[in-house]
Amino acid sequence: MPLIAILAGDGIGPEVTAEARRVLDTLGLDLTYEEGLVGGAAFKAAGHPLPTETLDLARRADAILFGAVGDPDCDALERQFRPEQAILGLRKALGLFANLRPAKLFAGLEDASALRPEIARSIDMVIVRELTGDVYFGVKGIRTTADGLREGHDEMRYDEAEIARIARVGFETARTRKGKLLSVDKANVLETSQLWRDVVIEVSADYPDVELSHMYVDNAAMQMVRNPGQFDVIVTGNLFGDILSDEASMCAGSIGMLPSAALNDSNKGMYEPIHGSAPDIAGQGKANPCAAILSAAMMLRHSLDLPDAADRIEAAVAAAILGGARTPDLGGTLTTREMGDAVLANLA
Ligand code: NAD
Ligand code: IPM
Ligand code: MN
């Protein structure tokens, strides 16, 4: 029986993960669950944001359902002890280089979008974000210059193999959709981006059926609010993908709506909402659990080969939204639990 590691984490992480778990339980699937400590909660209980037992659990599990990490109490800790290191550590340790972040506007959420309804309606894209490289994992630190000044540095780097493998995920994803791939970079300024663009073009020779185009990231950020309907599959680096996906989420109604899958070569995956621990609303029942619930659906589809169950969850979320279920981020008054109830009520 497949084992799911539940790493709920901090802030609203446990609140939204509980709703995803209720939805999974209702489907009556043959799955077992094991919970692990992660993030600030793990640091406070066990002295480390990613305890060995949690990493072992993540390695043993067939898939990981992750909530969120991040705790203001921990922001002044030495970096290795900060909650965010848990998520970065899991991504790196499990080789989860391919991050799929679908952003689509659910019918009925036109008015929740930060964009005008007629612009928002067209949003249906997948951001394929590289997840184990870039400025996130380069040499970093704060050092002292010859003039005695403190100097922060974070090296941006990608080798061609890292670029080629995420490019392939982009092309493969494009094949399952409209056969169009947009690569987003900053090749007009950054050498790392120039190599990115060169390698993506080289890989495109293996995908003559996919139409490849390129865009600079600043323009992409602008186009995301001008005309997001032009985007279908975007492949980009770790930092640009992080920023563009938060931007896409608000165009699609709320950051509380966007799920994600982080995959390695063998489709082992970690599934999580793209949002964080939201300390400003934690513990108040205000969090939208849809991103977590939709992440569970992605888990069923990508790691557990249960596409029908995934479809059922996604249809239930869509029906709940269409029926008017709204947490405060969507302009409504439902609590996290009530939003979970609304999804459950729509599970066919
Ligand atoms: P955040 O995503 O936690 O919150 C940003 C804003 O969006 C907040 O106003 C929050 O209330 C709102 N929001 C987020 N998720 C929501 C939801 N499901 N429903 C309703 N509203 C929601 O980003 P932040 O405030 O920049 O970061 C807070 C902490 O989370 C930091 O410690 C950060 O490092 C961490 N973080 C973790 C992850 C992760 O675990 N994957 C992702 C992003 C940020
Ligand atoms: C995300 C988060 C993480 C990231 C942080 C918490 C390390 O923002 O998953 O989008 O930047 O990748
Ligand atoms: Mn982010």
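**Exercise 1. How many helices and how many strands are there in the protein chain?**

Solution. In this predicted model, a count along the protein chain gives twelve helices and twelve strands. The next step is to compare the overall spread of the chain with its length: the radius of gyration is 20 Å, close to the 20 Å that the globule rule gives for 348 residues, so the protein chain is as compact as a globular protein of that length. Taken along the principal axes, a box of roughly 60 × 50 × 40 Å is filled by the C-alpha atoms. As a last step, consider burial and contacts: 51% of the 348 residues count as buried, and, among contacts with a separation of 6 or more, 75% are made by residues 24 or more positions apart.

**Exercise 2. Describe how the protein chain is divided into domains, and work out what each domain brings to the contact.**

Solution. Begin with the bounds, which come from an automatic or database domain assignment: domain 1 takes in 1-96 + 264-348, while domain 2 covers 98-257. The C-alpha centres of domain 1 and domain 2 are 23 Å apart. To the contact, domain 1 gives 18 residues and domain 2 gives 19 residues. Looking then at the side of domain 1 that touches domain 2, one finds that the elements giving two or more residues to this side are α4 (84-93), α10 (290-302) and α11 (307-322). By class, the residues on this side of domain 1 are ten nonpolar, five polar and three charged.

**Exercise 3. Locate the largest nonpolar core, and identify which residues in it touch the most other members.**

Solution. The largest nonpolar core has 109 residues, and those that touch the most other members are Ile-64, Leu-65, Tyr-271, Ile-293 and Ala-296. Among the elements, α10 gives the most to this core, with ten residues. Because domain 1 (1-96 + 264-348) and domain 2 (98-257) both give residues to the core, it lies between them. For a closer look at one member, take Ile-64: leaving aside residues up to four places away in sequence, Ile-64 touches Ala-5, Leu-7, Ala-58, Met-270 and Tyr-271.

**Exercise 4. Characterise the surroundings of ligand 1, naming the residues that come nearest and the classes in the shell.**

Solution. There are 21 residues around ligand 1, and of these Gly-70, Gly-256, His-275, Gly-276 and Asn-288 come nearest. Sorting the shell by class then gives eleven nonpolar, six polar and four charged residues.

Notes. Residues are numbered from 1 along each chain as its sequence is written. Chains are lettered from A and ligands numbered from 1 in the order in which they are written. This is a predicted model: local features need pLDDT of at least 70, side-chain atom pairs count only at pLDDT 80 or more; totals for chains, interfaces and linings use all residues. A residue is near a molecule or strand if its C-beta atom, placed from the backbone, lies within 6 Å of it. Ala, Val, Leu, Ile, Met, Phe, Trp, Tyr, Cys and Pro count as nonpolar, Asp, Glu, Lys and Arg as charged, and the others, Gly among them, as polar. Two residues are in contact if their C-beta atoms, placed from the backbone, lie within 7 Å. Helices (H or I, at least four residues) and strands (E, at least two) are DSSP runs, numbered from the N terminus. A nonpolar core is a set of buried Ala, Val, Leu, Ile, Met, Phe, Trp, Tyr and Cys residues joined through C-beta atoms within 7 Å. A residue is buried if 20 or more other C-beta atoms lie within 10 Å of its own, exposed if 12 or fewer, and partly exposed in between; C-beta atoms are placed from the backbone. The radius of gyration is taken over C-alpha atoms; the globule rule is 2.2 Å times the number of residues to the power 0.38.
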